[in-house]
Structure formats: C-alpha cells, structure tokens
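I opened a fresh notebook page for this one and wrote down things as I looked them up. Come along and check each entry against the picture.

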2 protein chains.
Amino acid sequence: MTQTDPIPTDLIADWHTLHRVFIRPEDENSRQTLVKYMEQILFGLHDFLNTHVGVTQAIPLAKLAQSYTDTTINLHPEKKLADVIKDIINEIAPRAVNVASPYFIGHMTSAIPFFMVHLKAIAAALNQNLIKLETSKVLSVLEKQVLAKMHRMIYDKPLTFYDAHVQNVDTCLGLFTNGGTTANITALWVARNLCFPCAKGFTSVEENGMPAAMKAHDLDRLVVLVSERGHFSLQKAGGILGIGNKNIIPVEVDADHRIDMIKLEQLVQDLSRTKRTKIAAIVGIAGATETGSIDPLPQMALLCKKHGIHFHVDAAWGGPVLLSEKYRSLLAGIQEADSVTIDCHKQFYMPMSAGMVYFKDPGALDQIVYHAGYVNRKGSVDLGIKTLEGSREASSLILDSALKIMGSRGYALMIEHGIETTRLFARKITAREKFQLVTDPVLNILTYRAVPKKLGRQLTAPDLSLSRRQHLDACLDDINTNLQRIQREAGKSFVSRTCLKICPADTHKGVVLRSVIMNPYTTDKILDQILDEQEAILDTLDIFDQDVEDQEILDQKVPDQEQYKS
Amino acid sequence: MTQTDPIPTDLIADWHTLHRVFIRPEDENSRQTLVKYMEQILFGLHDFLNTHVGVTQAIPLAKLAQSYTDTTINLHPEKKLADVIKDIINEIAPRAVNVASPYFIGHMTSAIPFFMVHLKAIAAALNQNLIKLETSKVLSVLEKQVLAKMHRMIYDKPLTFYDAHVQNVDTCLGLFTNGGTTANITALWVARNLCFPCAKGFTSVEENGMPAAMKAHDLDRLVVLVSERGHFSLQKAGGILGIGNKNIIPVEVDADHRIDMIKLEQLVQDLSRTKRTKIAAIVGIAGATETGSIDPLPQMALLCKKHGIHFHVDAAWGGPVLLSEKYRSLLAGIQEADSVTIDCHKQFYMPMSAGMVYFKDPGALDQIVYHAGYVNRKGSVDLGIKTLEGSREASSLILDSALKIMGSRGYALMIEHGIETTRLFARKITAREKFQLVTDPVLNILTYRAVPKKLGRQLTAPDLSLSRRQHLDACLDDINTNLQRIQREAGKSFVSRTCLKICPADTHKGVVLRSVIMNPYTTDKILDQILDEQEAILDTLDIFDQDVEDQEILDQKVPDQEQYKS
C-alpha cells in the first residue's frame, strides 16, 4: 500500500472502531449528520407522503431481486451508519411499499402516527426484556396495568375485580404477543388444555400430549368451529397444536358474511350426538380479514354457554372499535368471550409487530405455565411464565404512551373516520355503472368487483344458463385479477384482492377487490381518483369487454411480474 | 368555565389535534423540544451509563406497583409526546433495569450499539409487514438475501447452492421469528411433521392432528431428546405441538454440562427397540442458557444420521460465535444440523425481539405451508407462507445494516471479548478463597457460588456424612440466594442465579450465581468490584458463617421484596 493509497482506518473492525459504533458517533460532525437523517426518519412521514404519492417506485420485482443475490458477509465494516441510513432513504424506502400513503387502501397495514416511531425507538433504547422482572422491573408492573386497562375495555368488570388483579402476581388478565397469530394460537392452546382435566392417572395434555389426552378422555376427535371467514392463523393453530387443521371446521356464512347461526347450532348438535367428539372452542370473528364482518357474538356466546364450550373472539382487527362510543355496540357480546385477540399493529396504529390476547378468567393462563431455574421461578412477578413467546420487547409501554397521547377519543376519531369513509366508498362504488359492491361494509373493509357493461348485461340476462354463468364468472375473475395487478404495478394506488362467493348460493368463489380504509388522510377525493384509475384500466382491458365466446382470447393473460421464478 | 380557566385546547381529542399527532409536531418549538429529547434517546446510552452506573434505582417493587393500579383509559389526551418522553426519561428509565450497564452481567440481555436504536426506528418508520410482498416489496427480497447470508455462515454450502436459492420463491433457507422460543417451536414443528409422511389414507399430521398421525403410523409415543441443560422453550414446544412436554426427554450431562453421549446412545437404542416409539428429533445445544456449554455436535450429528433422526441445534445463544475465526471451531458440527436456531437479540446485539431459524434442506419448511385467499397465494414471493408468526417487522433490515456497519470482524471482536473476559473472571473466582467456580466457561457464561470459609472447611472434611453434606448444601443455597438478592437490591451490579448439580454425582441441585459477559465495557476492574461487593455482602451474612447446627437460624431469611403478593 502506497502513501497515495491511505488505509481507510474508519472502516476497519478494531477496538477503536468498535468503541465508536457501540457508544456514540466518532465526532460532532458525524453526530450532526446523523441527527439530520434521524429527523427525516422521525418526522419525515409527512414529507414522504407529499413527495411519494405513489405506492412504490415502479421496478419489477424480478429485476430488483437480481441486486440482492450476494451472500457474502463483509469481514470489515462496509459503511458507516450515516451512509447506511442514506442508502435506506434513497435505495430501500422508494422500493418499499408506501403503506403510509392514503392511496394505499388494500391491506391492514397503514400509516402510523409519527410519535409511534419515537416510542418504538425509546422501547429499543431501553431494551427491556419482559420475560422476567430482572430485565424489566417497572416495565413488568406497567405492563400488568396496561393489560388491566385493556381487559376493562373489553370486559368492563367491577372495579373491585381490577383492584384485585391489576398487580396480582398469581393471576394474569392477558398478555402481549408478537401479533394476532400468536394471540390466536395462545387462546386455542388454552382452550385445548381446558378440554382435558386430569383424570384416570392422566395429568394434562400439556404434559402427556394429544394422543394420550384423547385416550384418557375417550375421544376420537377434537374440533374448533369458526366461520369460513376465519383468519388462516386459526387453521395454523389447529396444525401446530396437534388438533389437525381439518378439525378447524369452517361454518358457512349468511348473506352478510356472518356465521350462519342455524348451521352452527345444527353442527354443534350433530357433533354433540357422538360422545367421542369434543368441541374445544367456537371462534367468533369481530372484523373478518376479508370483509370486516362481525359474527353474531351474543348468540354465539349463548350457544357456547349452553354447551360449555370455550368462546374465543378474534377481534384482531375490530377490537379497538370498543374505544368508539358511537360504534362500540357493533361488538356487543364480546364481553361474554372466554378469550379475545386484539392486534396492536392494526387499529391501535402501532408499528409492527405487536398483538394481545385476553382471558375472562384471570386463572385461565395457568393452563400454559412454564418455569425455568434461572428465570420465571414459581410465585415470581416474571411475565414470561405464561406466554407462548420468550423474550419480548416493551410493546405495552408503546400502547400505554399512545393512549396517553391520543386518549380513547383520539383513537375513536380515527376509527369512526375509517368506518364512515368506507361507507361513503360503498356508495361511490354502487353509484358507478362498471362496479358491483360485493360486501357492504360494517366496519372499514369492503369488497367489490369491476363488471364491464356488456358482461354485466349478460350476467343479468333472464335466460342465463349455468354454464354460461360460469363462463362469465371466469371472465370477470380474469378481469379483476388483471385490474388489481395493473393498478398495483402502476404504483399510484393500491387495493388488494381475494376470492369470495359473490352470491351466498354460489359454489364458485369469484375474484373481488378488497379495500381497507384506516388512514385518516384517505379522503372522498382520493377514493374518486382510485375508482377513476380503475375505470381507465378497465378500458384498456377492453379485450374482455365483448361478447366473450373465444376462450383463447381469455387465456392471453398479462404475465404477472410479481409471481416471478428465479 | 371562566376566562381565567382556559380550555386546554391542545389536550382535546378533535380533528385538529389528531392531524397534529398523526403527521408532525404542531410547531417548530415543539419539534425542537422533541429533537432534543430524541437525541437523548438516540445517542444517550453513553451518558446513561455514566450517570447511572447502578443497575436500577432502589425502589421496592411492591411500592412501585402501587403507582400502577389505575385501570381507567383517559378519554382525552393526557399528555403531549414531549411530556410522555420526559416522563419516560425521568420516571420509567431510572426504575427500569439498566441492562446496558457493564455491571449487569447476569442475563442474556445487555447493552446494544447505539446505532441499533436508529435502525429499529427506521424499521418502524417504514412499517413494512414481511408477511407479504404487497406490504414489503424490496424488504422481502432483502430478507431472502439476509437469510442466505446467515445460512451460508452456518452451512457453508457451495456457491451454486446459494445462487440457486437466494431469490428462489419456491424454497426457503430459514425465517425470522420473534425470538429463540418461536424459532425452536418452528424447528420442532417441522421435525414433528416430517415423522408422519402420508400413508394409508392419511395425509399429514398438520391436517389430521397428532392422534390420527400416531394411529396411522402405529405409534404410541413421539419423543424429543435433549440434554437437561436444554432451554425451557423446548419443553414448551412439546406442550404446544401436542407431543407432550414429558416426551421432551432430558438426557443427563457429563461433568462439563455437555450431553452424555453414552447415555444418549443408550437411550436411542432403548427407544428404538420398541417399534411404537419414534424419536422426532435430537436437540444439540450450542451455548446452554445456564452454563454456556456446547454439546458434542459432531457425535450427535453422526448418531442422528445413523438412525435417521432430525438433528436440531439450539444455537440461540452461541450462533454468532461462527463469526469469530478464533472460536468458530467451538461450534464444529453445526453444519450437520437439519435445523438451527439463532437469536438476533442476543449475540447479534439487536434490540428485542428477533430470532431466526435455519434449515439445511431448502424444502423443509414446506411442512408448514399455509395459504390464504387475500395474501400468501401459492407460488407468490410472500414470506408469510411458511412461518409460525403472521405480521412481522423488518428485523432482517436491522441485521443486514448491522453487518454492514460492524463487519463480521466487528461482531467477532465483541464475542471474543466476552469469551476471554469470562475466562478471566473464572480465574478471579478461583483465586478467591470464598468462592467456588461451579462451571468453567467455554463461551461467555459461567456459574459459581460463595462458600464461606468455615462451611468450605466442613464441606471438604474427609469424614463428611451424607446428611451433614445435605445440611451444608441447604445452608449454601440460602447464603447464595440471599447474596444474589441483596446485591440485586443494592442496585450497583447484577449477577443472576440458577440451580445446578455442583458435582455430577449429586442428586441435589445447588443454588449457583450465574454470570453472562457480553458487554464490551465489562472490564477486569469491574469484575473485581463485583466480587468485592459480594464478599462484603457475604460478611454481613456471617450469621451463616459458623458451625451451623441450628436450623432455626437458617430459617431467618430476609424477605424477598421481589416476590411480593398484592
């Protein structure tokens, strides 16, 4: 190495560099640069929204993937923090998905208040681990308080109940999880274990396993009943818990996509007839992922009570509606649930990833107690004794702070905006000729589909044969699949798509567009623009807008860039 | 309300306030205040370490808990963000646990480099959801790259292998989880499912459940073998997966706390004799939680290969040692594992909560595939198809950035410091008369106990009877329990405690002090101070330092403030 080729000493991994990165930026200049960048991160959502109205920068994924194929780990530092941040701002952010855009109305991930980023940074800086008191102290106590606040929001028990349990180390009103999936798994895990009380030399399913538990209780089958709108995490829970996902039995829904109570009651009756089948739980949905629909919770609660069945409510989406005095009655009956899932990173507007699960009985979580010698000793305050997860960040601190900053009324305003804007969107869709509203919104989710005029006329023809109807459905599925993809790839706005029966009597599930409105900046005008854009795309798809007879034309699908293979 | 009692308009939840909190601080002054506070958060670890040398502010937990009993959610905003942050800095932080202190050498949660807080904030600001491409785009591609880098660190397969899989949408080299617990559960979930190939009208355990799977395969019992040093998440996995936690069979360890290969081989042989028992997995530990010991992975791999058993390595703690050229040979054999758990929030020095699990076979995760209509469609790039968790934050972005900033050598320096400082600590302990080193460190974890002189003399008396020995053990357990608690409550430094057999032949598990050294600022001098403090505490416990005959004296235990009941 010559004198004109100096050693880049600041990019060598030695103790000097290490001390620098571990503790603080190397000098005042570097610190100022970082402050500038971090201001962009911490307050920049607004600017980002203004400069990146679109959802993503339009680069095909397959091409993007080619830049991420080097699997070497650099031996020495490759970049300084400031350069890493600069790269993220310039290279990653524009190619990420701008979930914060008010034009992004397709998924349950959306804009979050700017202060949430601050709170997440604070939780990271404290780096407490809620698995045990010895790595969290006051945060464990605070978490128990937040859990009690949320439990009260759901169950509204007498104050004496909360006074008895808020800081009680022997009981547990709920827990923070990584998200709705682990919350649902935890609820069904508890429900499964409650099915097998100790008997005949058998202690518990937790200890002895599912085969032994079934044998001890003379059972052939354990099942969970949930409407066909149930989240796929419930199926997953069935698989993980050894129940088998085919035993998570989907129950048909009524025209409003709520569980069909007559069918459910019939099923419970049928299953109860054989003594060798046990229903571990019935799951009610409060805000279905695809349609936002809410099951008839009071009737379901009654049925569960009558048959002694654990009643779980998956309110991962809808739970925070309880904070709105105006709409909380939509969730009536939830206080009868034995367990309730609510996500923090959905309508509590927290960053990824945080969920919660609550139990009516403060002793229910005793079903899943685990101790260890070095932590979580018996009788301790350690919050990791009754959780699926182990080490956990202080999500409770974020939720608690957010409630202080927003008030329940602040949350209610956002939730009410979402519901009312979605209802407005439904009216807009109905008013346009080329669209068909498929599910009317109860909360802030609706589905619809594009139906080009000619196809619409054919579909409503009085003499429509079944085969003709099926043919038209296939056309419409292709049209809507392409429409959604083309709009997504254009990057100006985003709705998602799923498959639903268009009419309750259908056997075929049709492709529908799905809209989730939770961003308070999604306005009337933006919704018009999104529909205008879809109509414009529809016009370019006029290959389909004819008396379609020729299947070959239909097969000329536009290749889907996102579905690339390497 | 009179004119002298103005309405606090900035603490009313209305649309004006909402827009303010959602998007940006209300004015330049507020923004500047926030910047000042956030600078404290983002760069303040160093100052915090200097001003709070102690581990926690000394307030008894029971007293602290009394301040966290109000379960009302405020209707209107209670505080502005700046005040919330001020409160966290002034009220919460000093009562949290200063895990960043170099005097905190008791748990696997420690100081993190300051830049990690920046990266966590960035991940929160982007708020991507890795469950699906439509909410993550480039982050999904980046995550696949990071997974391949880590897979290569573990398995070091040929470059052609990584070229084929790094961006392959049909295969999966591993996944990010919430932590080591969900990583271990995922690994055993896959191992469980691999035990039950489709047969005799039976499809899979995932679909049909554990009882049906056992029946179809003519099995009575499914077991997992792991040393008695195994993490309690493995027991929990047994419970969740329907295997039964008593079927997670603990195997005895040798004098070095490594799994006893002779006992393991014998057990495998015994279990294989009956055709109706199947071993789903053998788990090797690479960095036991209590002792840091590493199982004989090459021999375990050979045994698993011979019997066709899934070999899982729980390297939640030890995994990153692979980045140290000097010490990576300690983990030799890990490349033979079918699956490997590594935590990010442990020795990758990332904030809570992030873990990973890797699979040798890029098709292994097909065992746990779940699809849904609206996301995770078949053949898509969606990373949520084969995960236990649902929505997930971009932990991969943090790890990737950290590797760029530190280089593998940067990590290696910290890891080598931990190992070498712990070995130094062991020498210090051995050199002091009042301490007994219980487990010699292989990595950066050791255990020891205080043994007051007189008791030590009695313990080594040649004519020691068993009952006398048991009595002395009970005394030592009380002494060490009290010592650890008093030191913790004094708040200057922290070691943890657990229970281990002091000698391999013991039946009794004795209380030992446990030290985990991963903070690069934990120095020679600090270790001396910690031992000095312990000796000083020991002297105050001189009630025990006598020829103990009177059990009543022993029973005068200091009440444990942490174990309070409400």
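**Entry 1: how the chains meet.** Before anything else I fixed what a contact is: two residues are in contact if their C-beta atoms, placed from the backbone, lie within 7 Å. I also reminded myself that this is a predicted model. With that settled, I looked up the contact between the chains and found 147 residues from chain A and 147 residues from chain B in it. I sorted the side of chain A that touches chain B by class, and this gave 71 nonpolar, 49 polar and 27 charged residues. Next I asked myself: through which surface do the copies meet? I found that 100% of the interface residues of chain A are also interface residues in chain B, so the copies meet through the same surface.

**Entry 2: how the copies are related.** I laid chain A on chain B, and the RMSD came to 0.0 Å after a turn of 180 degrees and a shift of 0.0 Å along the axis. The two copies are therefore related as by a two-fold rotation axis.

**Entry 3: an overview of chain A.** I counted 19 helices and 11 strands in the secondary structure of chain A. Chain A has 566 residues, and buried residues make up 57% of them. I then took the contacts in chain A between residues at least 6 apart in sequence, and 71% of these join residues at least 24 apart. The domain assignment splits chain A into domain 1 (9-98), domain 2 (179-369) and domain 3 (409-563). For domain 1 and domain 2 of chain A, I noted that the C-alpha centres lie 42 Å apart.

**Entry 4: a hairpin.** In chain A I followed strand β8 (residues 435-439) to strand β9 (residues 445-450), and they pair in the antiparallel sense over four bridges. The two strands, β8(A) and β9(A), form a hairpin with five residues between them. If you want a spot to look at, A:T439 stands opposite A:T447 in β9(A).

**Entry 5: a residue at the contact.** I picked A:N127, which lies in the loop between α6 (114-126) and α7 (138-155) of chain A. Is A:N127 buried or exposed? I found 27 other C-beta atoms within 10 Å, so A:N127 is buried. Across the contact, A:N127 touches B:V99, B:T109, B:I112, B:P351 and B:M352. Within chain A, I compared A:N127 with A:E393: they are 266 residues apart along the chain, yet their C-alpha atoms are separated by 6.9 Å.

**Entry 6: helix α5 of chain B.** I listed the buried residues of helix α5 (residues 81-92) of chain B: B:L81, B:A82, B:V84, B:I85, B:I88 and B:I92. They cover an arc of only 165 degrees around the axis, so they sit on the same side of α5(B). On the other side of α5(B), I found B:N90 and B:E91 exposed. What covers the buried residues of α5(B)? I noted that the cover includes α6, α7 and α15 (395-431) of chain A together with α2 (28-43) of chain B.

**Entry 7: helix α13 of chain B.** For helix α13 (residues 297-307) of chain B, the buried residues are B:L297, B:M300, B:A301 and B:C304. Their arc around the axis is only 100 degrees, which puts them on the same side of α13(B). These buried residues pack against β4 (277-285) and β5 (310-314) of chain B. Just after α13(B), I saw that B:G308 takes a positive phi of about 65 degrees.

**Entry 8: backbone details.** I found a cis peptide bond joining A:M352 and A:S353, with omega about -15 degrees. A:S353 lies in the loop between β6 (339-343) and β7 (355-359) of chain A. In chain B, the peptide bond from B:M352 to B:S353 is cis, with omega near -15 degrees.

A:Y349 also has its place in the loop between β6 and β7 of chain A. Although A:Y349 is not a glycine, it has a positive phi of about 55 degrees. I counted 25 C-beta neighbours inside 10 Å, so A:Y349 counts as buried.

Last, I turned to B:D218, in the loop between α10 (205-216) and β2 (221-227) of chain B. Phi of B:D218 is near 55 degrees, a positive value in a residue other than glycine. With 11 other C-beta atoms within 10 Å, B:D218 is exposed.

How values were computed
Residues are numbered from 1 along each chain as its sequence is written. Chains are lettered from A and ligands numbered from 1 in the order in which they are written. This is a predicted model: local features need pLDDT of at least 70, side-chain atom pairs count only at pLDDT 80 or more; totals for chains, interfaces and linings use all residues. Ala, Val, Leu, Ile, Met, Phe, Trp, Tyr, Cys and Pro count as nonpolar, Asp, Glu, Lys and Arg as charged, and the others, Gly among them, as polar. Copies are superposed by least squares on the C-alpha atoms of residues with pLDDT of at least 70 in both. Two strands pair if DSSP finds at least two bridges between them. Domain bounds come from an automatic or database domain assignment. A residue is buried if 20 or more other C-beta atoms lie within 10 Å of its own, exposed if 12 or fewer, and partly exposed in between; C-beta atoms are placed from the backbone. The arc is that of the directions from the helix axis to the C-beta atoms. Lists of a residue's contacts leave out its neighbours within four places in sequence.
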